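Visitor: I would like to walk through this fold with you, one question at a time. Could you show me the model?

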Amino acid sequence: MDLSLAQMGSAVALGLFLVMMLAVEGGRGIGRYRHGRDPESFSEGLGAAEGAIFALLGLLVAFTFSGAASRFEDRRHLITQEANDIGTAWLRIDLLPAADQPAMRDLFRRYTDLRIAAYEHVRDEERTEAKLAAAQELQGEIWRLAVAGVRKPDASPGAAQVLLPSLNEMFDIVTTRITATRNHPPLAIYLLLGVLCAVGSMLFGYSIGASRNPNWLHRLAFAGIMALAIYVILDLEFPRRGLIRIDGEDKVLVELRQSFD
């Protein structure tokens with residue numbers, strides 16, 4: 001779904017706009033035909049159908065938008081949380097024997113560089129996966145060096161109880177961020193949104209079928225606003241691929257890395 005929706009968000013929104021405009025015109029044609037044949041029963045049941053469809057559409061848009069905005073904020077907070085976890089573990093390197101600290105700090109610098117680079121070019125999935133895999137390998141090296149260091153006689157008392165849990169948190173946040181990046185509503189939700197938009201547009205067109213010269217502004221505004229809402233939802237769901245981005249939050253990790261030098 002990442003490729004089909006995130007990289008084509010504007011195309012999806014434009015396609016939805018065109019579908020809605022066509023549905024409006026199709027519904028208007030049906031309404032005009034129906035009104036011409038039986039004006040008295042033209043609007044029977046129309047209000048109830050419109051109310052149900054548009055209520056469901058509004059509820060689904062609100063639900064999807066709220067979820068996308070919430071996940072957007074969660075992803076921003078997770079970047080800060082990872083920076084805090086790395087910074088805490090960095091400070092606790094002081095508990096290792098002095099001879100082990102330079103090698104550990106060098107591993108931390110390389111690890112942080114990889115974590116920053118992993119999200120610089122997310123459109124290049126192979127490059128991103130390579131950076132993530134390299135960071136995971138470094139996790140193993142950091143852990144082995146830490147375990148060996150805390151067992152040495154000249155390690156600070158309680159080093160194992162303080163340093164190792166902070167390393168665990170530093171490693172776990174990576175999985176949490178990856179999971180958060182891949183966490184999206186099922187594709188069926190977006191398909192249902194599209195269907196409801198099309199059906200709602202057809203009912204809207206039908207309701208103006210009795211008018212000989214309906215206002216174009218109403219039709220354009222209805223289709224345009226709905227398409228824009230869907231576009232914003234998609235942008236929030238994939239904040240490293242569209243106009244709404246969280247790249248600026250990576251500055252926290254960049255500043256942390258600079259403090260290591």
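Visitor: What span should the 17 residues of H4 have at 1.5 Å a residue, and how far apart are its end C-alpha atoms?
Guide: Happy to start there, and please keep in mind that this is a predicted model. The expected span of a helix takes 1.5 Å times one less than its number of residues, so for H4 with its 17 residues the expectation is 24 Å. The end C-alpha atoms agree with that, lying apart by 24 Å.

Visitor: Which elements cover the buried residues of H4?
Guide: The buried residues of H4 include Met104, Leu107, Phe108, Tyr111 and Leu114. Charged side chains are on that list too, among them Arg105 and Arg115. What covers the buried residues includes H3, helix H5 (125-150), H6 and H9.

Visitor: Tyr111 is on that list of buried residues; which aromatic partner does Tyr111 have, and how are the two rings arranged?
Guide: Tyr111 counts as buried because its relative accessibility is 0%. Tyr111 lies in helix H4 (residues 101-117) and its partner in helix H6 (residues 159-182), so the pair ties together parts that are 60 residues apart in sequence. That partner is also buried, with a relative accessible area of 11%. With 6.4 Å centre to centre and 70° between the planes, the arrangement is edge-to-face, and the partner is Phe171.

Visitor: How many aromatic pairs does the structure hold, and which residue pairs with Trp90?
Guide: The structure holds 5 aromatic pairs. The pair with Trp90 is stacked, at 3.9 Å centre to centre and 15° between the planes. It links distant parts of the chain, with Trp90 in helix H3 (residues 46-92) and its partner in the segment after helix H9 (251-259), 170 residues apart. Both members are buried, and the partner of Trp90 is Phe260.

Visitor: Which charged residue sits over the ring of Trp90?
Guide: A charged end sits 4.6 Å from the centre of the Trp90 ring. There is another such arrangement at Tyr119, where the charged end of Arg177 is 4.2 Å from the ring centre. For Trp90, the residue is Arg105.

Visitor: Which element gives the most residues to the largest nonpolar core?
Guide: In soluble globular proteins, nonpolar side chains tend to be buried together. Here the largest nonpolar core has 56 residues, and those with the most contacts inside it are Ile86, Phe108, Tyr111, Ile142, Leu167 and Met170. The elements giving two or more residues to this core include helix H2 (9-37), helix H7 (187-207) and helix H8 (216-237). With 11 residues, the element that gives the most is H3.

Visitor: Which residues does Leu167 touch, not counting residues up to four places away in sequence?
Guide: Leu167 is one of the residues with the most contacts inside the core, as is Phe108, and these two touch each other. Beyond Phe108, the list for Leu167 runs to Ala89, Ile142, Trp143 and Ala146.

Visitor: Where in the chain do Arg71 and Glu237 lie, and what is their N to O distance?
Guide: The count comes to 18 salt bridges, and the one between Arg71 and Glu237 joins helix H3 to helix H8, 166 residues apart. Arg71 is buried, and so is Glu237. Their side chains meet with an N to O distance of 2.4 Å.

Visitor: Why are Glu73 and Arg76 separated by about one helical turn?
Guide: An α-helix has 3.6 residues a turn, so residues three or four places apart point the same way. Glu73 counts as partly exposed at 32% relative accessibility, and Arg76 does too at 28%. Their salt bridge has an N to O distance of 3.2 Å. The separation is about one turn because the two residues of helix H3 are apart by 3 residues.

Visitor: Which residues share a salt-bridge network with Arg257?
Guide: Arg257 lies in helix H9 and is buried, with a relative accessible area of 15%. Leaving aside neighbours within four places in sequence, Arg257 is in contact with Arg109, Thr112, Asp113 and Ile116. Salt bridges that share partners join Arg257 into one network with Arg109, Asp113 and Asp261.

Note on methods. Residues are numbered from 1 along each chain as its sequence is written. This is a predicted model: local features need pLDDT of at least 70, side-chain atom pairs count only at pLDDT 80 or more; totals for chains, interfaces and linings use all residues. Side-chain values use heavy atoms; hydrogens and water are left out. Rings of Phe, Tyr and Trp (its six-membered ring) pair if their centres lie within 6.5 Å; planes under 30 degrees apart count as stacked, over 60 as edge-to-face and the rest as tilted. Helices (H or I, at least four residues) and strands (E, at least two) are DSSP runs, numbered from the N terminus. Buried means under 20% relative accessible area, exposed over 50%, partly exposed in between (1.4 Å probe, protein chains only). A charge sits over a ring if NZ of Lys or CZ of Arg is within 6 Å of the ring centre and within 35 degrees of the ring normal. Contact means heavy atoms within 4.5 Å. A nonpolar core is a set of buried Ala, Val, Leu, Ile, Met, Phe, Trp, Tyr and Cys residues joined through side-chain atoms within 4.5 Å. A salt bridge is a side-chain nitrogen of Lys or Arg within 4 Å of a carboxyl oxygen of Asp or Glu.
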